[in-house]
Amino acid sequence: MAGFYHPEWLALLLALPAIYFWYLRETRRKKQEAMVFSHIGFMKTALAGRTGSSRPRILLFIALAALGCIIIGLADPHIPLEQAKEGVNVILVMDDSGSMQATDYKPTRLEAAKNSAGQLIRQLDDKDYVGVITFESGATSAAYLSPDKDRVLGKLKSIEQKDGATAIGDGLALGIDMAESIPNRKKVVILLSDGVNNAGIISPDQATQFAKDKNIQVFTVGLGSDQRVILGYDWFGNPQYADLDEDALKKIASETGGKYYKSVSDRTLSEIYTNLNKEIKREKEETSIKDWFFVIAMILMISEIVLRYGRRRIIQ
């Protein structure tokens with residue numbers, strides 16, 4: 001919200017109309033005094049006040065405007081700008097379980113997810129910090145929360161495929177814990193998974209409550225295909241499919257104030273991550289604009305000097 005850091009200075013603005021009325025009173029008084037004398041020169045001076053140039057009054061208005069800008073500048077006005085003062089902690093929580101080796105995304109689901117996450121990291125603001133968590137049967141930190149985007153991109157690129165199950169709750173909980181590692185900043189977690197929670201110690205519901213308690217917004221991305229993807233076969237020859245638990249991901253996003261996105265190909269996944277940066281709402285920063293008023297005051301003062309003493313100056 002716009003306002004002033006030192007509003008007490010604004011009381012001086014009341015002096016501006018007082019100065020203007022003093023100017024009018026003094027002008028009338030000088031005209032009346034001039035009329036007392038019979039000398040023709042004084043008569044012309046008095047009459048000139050009625051039919052002469054309006055330039056003196058214009059100069060007065062310019063001077064008053066400059067003085068007003070200086071007073072407002074001393075009051076230190078500020079307005080909110082769309083940029084978080086301290087930036088945002090952005091945590092990418094990525095599934096690298098066995099199902100992520102499926103090749104319906106080129107070259108694999110995991111590599112497509114890494115490439116799309118890299119696009120998002122490159123789009124983040126300079127003040128934003130980013131970290132990466134991976135999870136399969138458990139969760140681990142792939143890149144610690146840092147403002148060094150290039151270092152995080154290097155860590156992201158080095159993530160390797162695992163063969164474990166899917167511990168969504170553990171991954172989300174560790175992501176929230178990493179987001180909290182640097183306090184006093186807005187925090188966002190982006191969770192990607194292509195499976196069903198079937199491992200780990202912490203359930204998705206527990207991790208969701210953890211995010212709500214910490215006031216952390218979670219965006220979820222469900223990775224799948226239009227057709228069911230066969231990952232392999234069991235000992236009895238039955239096909240094993242990559243099943244996506246959309247309901248769980250939708251619930252996580254809904255309860256934490258985020259959004260759920262469904263990806264069905266590497267192209268749609270790339271589009272989702274490209275647009276996610278726009279979904280991260282950065283808090284408005286109260287930014288001082290006092291220098292604007294000081295600059296305006298300087299311009300007005302220069303204008304007044306040019307008009308008063310320039311080529312078409314007023315002879316007083």
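**Salt bridges, sheet and surface**

In this predicted model, Asp205 pairs with Lys251 in a salt bridge whose closest N and O atoms sit 3.3 Å apart. The two partners come from distant parts of the chain: Asp205 belongs to helix H7 (residues 204–213) and Lys251 to helix H8, 46 residues apart. Both ends get some exposure, as Asp205 is partly exposed at 48% relative accessible area and Lys251 is partly exposed at 39%.

That pair is one of 10 salt bridges in the structure. Elsewhere, Asp104, Arg109 and Asp194 are tied into one network by salt bridges that share partners. Within this network, the closest N and O atoms of Asp104 and Arg109 are 2.9 Å apart. Asp104 is partly exposed, at 26% relative accessibility, while Arg109 is buried at 1%. Glu111 and Lys114 make another salt bridge, with 3.0 Å between the closest N and O atoms. These two are three residues apart in helix H4, so about one helical turn separates them. Here too the burial is split: Glu111 is partly exposed at 28% relative accessible area, whereas Lys114, at 7%, is buried.

Zooming out, the protein chain carries 10 helices and 11 strands. Of its 316 residues, 41% are buried. Its accessible surface is about 17,800 Å², with carbon and sulfur atoms accounting for 57% of that. Long-range contacts are plentiful in the count: of the contacts between residues at least 6 apart in sequence, 81% join residues at least 24 apart.

Now for the sheet. Six strands make up an open sheet with mixed pairing, running E5-E4-E3-E6-E7-E10 in order. The edges are taken by strand E5 (139–146) and strand E10 (260–263); each has a single partner strand, so one side of each has no neighbour in the sheet. On average, neighbouring strands are turned by 15° against each other, direction ignored. Helix H8 (residues 246–256) packs on this sheet and touches strand E6 (186–193), E7 and E10, with its direction at about 160° to that of E7.

Strand E7 is worth a closer look. E6 and E7 run parallel and are joined by six bridges, with Ile190 partnered by Phe219 in E7. E7 and E10 are also parallel, joined by four bridges, and Thr220 finds its bridge partner in Tyr260 of E10. As for cover, seven of the seven residues of E7 are buried. Gln217, Phe219, Val221 and Leu223 point one way from the strand, and Val218, Thr220 and Gly222 point the other way.

The loops show both extremes of accessibility. Asp226 sits in the loop between strand E7 (217–223) and strand E8 (230–233) and is exposed, at 66% relative accessible area. Its C-alpha is 9.4 Å from that of Ser263, although the two are 37 residues apart in sequence. Ser97, in the loop between strand E3 (88–95) and helix H4 (109–123), is buried at 0% relative accessibility. Beyond its neighbours within four places in sequence, the contacts of Ser97 include Phe135, Gln161, Lys162 and Asp194.

Finally, Trp9, Leu12 and Leu74 build a nonpolar surface patch with about 250 Å² of accessible area together. Of these residues, Leu12 lies in the loop between strand E1 (3–4) and helix H1 (15–36), and is partly exposed at 42% relative accessible area.

Definitions and conventions: Residues numbered from 1 in each chain as written. Predicted model: local features only at pLDDT ≥ 70, side-chain atom pairs only at ≥ 80, totals over all residues. Heavy atoms only, no water. Buried < 20%, exposed > 50% of the residue type's maximum accessible area, 1.4 Å probe, protein only. Pairing = 2+ DSSP bridges. Axes fitted to C-alpha atoms, helices over the stretch in contact; angles between N-to-C directions. Contact = heavy atoms within 4.5 Å. Patch = residues over 30% accessible without salt bridge, like charges linked within 9 Å, V, L, I, M, F, W, Y side chains within 5 Å. Areas by Shrake-Rupley, 256 points an atom, 1.4 Å probe, with all protein chains shown as cover. Salt bridge = Lys/Arg side-chain N within 4 Å of Asp/Glu carboxyl O.
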